[in-house]
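Here are my comments on the model you sent, set out as numbered points. I begin with the ligand site and end with one helix.

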Amino acid sequence: MQAPAPGIRIGDEVRDALAAGRPVLALESTILTHGLPSPRNLEVGLASEVQVRELGVTPATIGVVDGTPVVGLSPAEIERLCTSETVVKASLRDLPIARAKRLDAGTTVAATAWLAHRAGIRVMSTGGLGGVHRGASETFDESADLGTLATTPITLVSAGVKSILDIGATLERLETLNIPVVGYRTDRFPAFTVTDSGFALDYRVESPSDAAALALARDELGLPQAVLVANPVDAAKQLDPELHDRALAEGLAAASAQGITGHDTTPFLLDHVQRATGGASLEVNLEVYRGNVALGAEIARAVAG
Ligand code: PSU
Ligand code: MN
């Protein structure tokens, strides 16, 4: 596997696995640099890789080190991003800026999916995808995750979209952008730390091989969109929906009072909900992420056949 562009580095282990047709799972790094507090971020970053390996899959955590996007960060590089005071959040549009300025960056779902696909990786896991923010009819704030998935044929495992978003509007945009969305063993679209967003899904898959068959069907049709596999957290382990709604309402009010906008909105709200739930949302976030990493690894195996 050749690097897809001179400015992108593929880690040796990932390169070897791809060349041999072995399964690889891409993981994002904004969840580490901007989603989780230190030192949990580093623990999670390293533990996820161990979890993926235990399932017989090569992990490819993706991020930007000194301006270079790396597909398959080393443990030392993961540590560098997790402990840096200056690390930025990079969506796709930020990659050239990070490169020109030689910044360290955590990559969002958009940037991670694009880099993973360019490197030849076919499956990726995240916690919660970005989407349409509440109030977007005024602010136009819609995550670049959605537009990027419309042109990036990867399979993404996510617990729906983040509950801080306008979920109905996000589902409409996913439809407009021609992105197939299927529930994993559910007919209900999940809301990240909450099992059921209240929105129904038209299609479901029952197994990793069903999800792999869907990705193959997309490829056989030559379609460029990602396939989104919505994997809900166990109802017994979800964040109490009432506690969630209360914490989020406070967070939204605080964001508006403090004038938080743009790429700061998602980290601000997630952090607020984490503190307002006394850390409960953090534990559920981690449970959600572990579940998505496990399912992503199984789908990566099924895809690699
Ligand atoms: N999950 C988390 N914390 C995060 C994110 C996910 O627990 O910060 C990130 C993801 O990387 C996602 C991004 O792609 O938030 C979306 O940000 P925005 O709405 O600015 O596009
Ligand atoms: Mn935004």
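**Notes on the ligand 1 site and helix 13**

1. In this predicted model, a polar atom in the side chain of serine 143 lies 2.6 Å from an oxygen atom of ligand 1. The protein covers 96% of the 480 Å² of accessible area that ligand 1 has on its own.

2. Two further side chains deserve a look alongside that serine. The side chain of glutamate 28 places an N or O atom 2.6 Å from an oxygen atom of ligand 1, while for lysine 162 the partner is a nitrogen atom of the ligand, at 3.3 Å from an N or O atom of the side chain.

3. As for location, ligand 1 sits in the largest pocket, and the elements that contribute two or more residues to the shell around it are helix 2 (30–35) and helix 12 (265–276). Helix 2 gives the most, with 3 residues.

4. Ligand 1 is surrounded by 16 residues, and the closest are Glu28, Lys89, Ser143, Asp145 and Lys162. By character, the residues of this shell divide into 4 nonpolar, 8 polar and 4 charged.

5. Away from the ligand, I would add a point on helix 13, which comprises the 25 residues 280–304. At 1.5 Å a residue the helix should span 36 Å, and because its end C-alpha atoms are 36 Å apart, the expected and modelled lengths agree. Helix 13 is followed by glycine 305, which has a positive phi, near 65°.

Key. Residues are numbered from 1 along each chain as its sequence is written. Chains are lettered from A and ligands numbered from 1 in the order in which they are written. This is a predicted model: local features need pLDDT of at least 70, side-chain atom pairs count only at pLDDT 80 or more; totals for chains, interfaces and linings use all residues. Side-chain values use heavy atoms; hydrogens and water are left out. A residue is near a molecule or strand if one of its heavy atoms lies within 4 Å of it. A polar contact is a pair of N or O atoms within 3.5 Å; within protein, one must be able to donate a hydrogen and the other to accept it, and residues adjacent in sequence count only if both atoms are side-chain atoms. Accessible areas come from the Shrake-Rupley method with a 1.4 Å probe; for residues, only the protein chains shown count as cover. On a 1 Å grid over the protein atoms alone, a cavity is a set of points where a 1.4 Å probe fits but cannot get out, and a pocket is an open set with protein on both sides within 12 Å along at least five of seven lines; lining residues have an atom within 4 Å of a point. A molecule sits in a cavity or pocket if more than half of its atoms lie within 2 Å of its grid points. Helices (H or I, at least four residues) and strands (E, at least two) are DSSP runs, numbered from the N terminus. Ala, Val, Leu, Ile, Met, Phe, Trp, Tyr, Cys and Pro count as nonpolar, Asp, Glu, Lys and Arg as charged, and the others, Gly among them, as polar. The expected span of a helix is 1.5 Å times one less than its number of residues.
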